[in-house]
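Me: I am new to this structure and would like to learn how to read it. Could you take me through a few features?

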Amino acid sequence: LDTQKAWGWEGGTFNASVLGIYGPNFSAGYVQSLQGVSGIAAANSVRLWELWYQQAFLGGRMDVRIGQQSLDQEFIVSTQSNLFLNMVMGWPMLPTADLYAGGPAYPVSSLWVRLRGKPTDAITLLGGVFDDNPPGGPFNNDSQLRGAERTGTLFNLNTGALFIGEVQYAINQAVGSDAGTKPAGGGLPGTYKLGFWFDTAKFPDQRFDTMGLSLADPASNGIARMHWHNFSLYAVADQTVWQAGGDDARTIGVFLRPMVAPGNRNLVDFSVNGGMTMKAPLPGRDNDTAGIGFGVASVSGRAAALARDEI
């Protein structure tokens with residue numbers, strides 16, 4: 001809803017959305033893979049997804065958004081990676097494995113406030129703070145269907161805060177044109193992002209209990225040692241590396257998105273996905289895109305050591 005068109009309030013946007021999810025999770029039921037086959041598979045439910053208000057200032061150079069939102073709509077986004085259906089091509093593998101309930105990303109969302117600024121046409125700054133645990137349960141029991149989270153209306157504020165910041169740098173972008181239009185001057189367009197997230201909650205050790213014993217030790221009390229806080233650093237690159245001349249719409253682009261996190265409190269301490277896409281691969285099919293991609297997730301040394309202890 002554009003508030004200026006609705007009742008004359010300039011710069012306001014109101015958004016609400018609901019998801020109706022139905023069907024089996026192929027990866028969980030048949031593949032049992034860490035990196036899911038589908039990025040849209042989720043627990044069956046009808047749920048509130050997003051409910052937020054955004055207000056723009058300074059002629060659109062700055063805006064603030066408050067309400068409930070899914071973090072993956074604005075942060076850690078690779079536009080070329082989104083071509084693919086695989087789970088890790090949307091929301092990355094590292095936060096999926098390491099944050100409560102996989103983080104406030106599809107199909108869950110959480111209360112938050114976000115500030116965005118655009119000091120120049122090439123640079124965008126994003127920063128926000130989220131509730132870090134939409135379902136509200138303990139780390140190892142954070143089902144999407146816990147209590148009121150089945151409907152997306154739990155609004156948990158009892159676990160921790162998830163801070164995230166990102167700087168984006170765009171080069172050779174088309175100005176005043178539709179996305180995908182070749183920029184004036186002929187330069188190859190690209191977008192580069194650097195960011196971090198920091199979670200204030202407690203996270204269980206991947207190997208040791210509160211007495212310093214392996215969780216696989218028969219003498220262990222079975223209670224994982226808890227670590228205060230968790231964090232990650234990440235980068236995203238989307239770069240066009242070739243484009244045809246004249247009115248030919250064909251372009252080739254590459255993308256890469258690596259992330260790192262500490263291994264003592266995380267199942268995955270490094271993940272990366274990347275690949276290549278070609279727009280208009282066939283004559284007369286300017287809106288088609290073909291691509292090939294990959295995803296790699298590294299199980300942390302601490303988690304691997306526990307697996308060896310259990311043998």
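Reply: Happily; we will go from the overall fold to one group of rings. This is a predicted model, where local features need pLDDT of at least 70, side-chain atom pairs count only at pLDDT 80 or more, and totals for chains, interfaces and linings use all residues. Residues are numbered from 1 along each chain as its sequence is written, and side-chain values use heavy atoms, leaving out hydrogens and water.

Me: How many helices and strands are there in the protein chain?

Reply: Helices (H or I, at least four residues) and strands (E, at least two) are DSSP runs, numbered from the N terminus. Here the protein chain has four helices and 11 strands.

Me: What share of the residues is buried?

Reply: Buried means under 20% relative accessible area, exposed over 50%, and partly exposed in between (1.4 Å probe, protein chains only). In this chain, 42% of the 311 residues are buried.

Me: How many aromatic pairs are there?

Reply: Rings of Phe, Tyr and Trp (its six-membered ring) pair if their centres lie within 6.5 Å; planes under 30 degrees apart count as stacked, over 60 as edge-to-face and the rest as tilted. The count is nine aromatic pairs. One of them joins phenylalanine 75 and tryptophan 112 edge-to-face, at 6.2 Å centre to centre with 80° between the planes. Phenylalanine 75 sits in the loop between strand E3 (62-69) and helix H3 (93-98), while tryptophan 112 is in strand E4 (residues 110-117), 37 residues apart.

Me: Which residues form one aromatic cluster?

Reply: Phe75, Trp112 and Phe130 do. Phenylalanine 75 is buried, with a relative accessible area of 1%, and phenylalanine 130 is buried at 2%.
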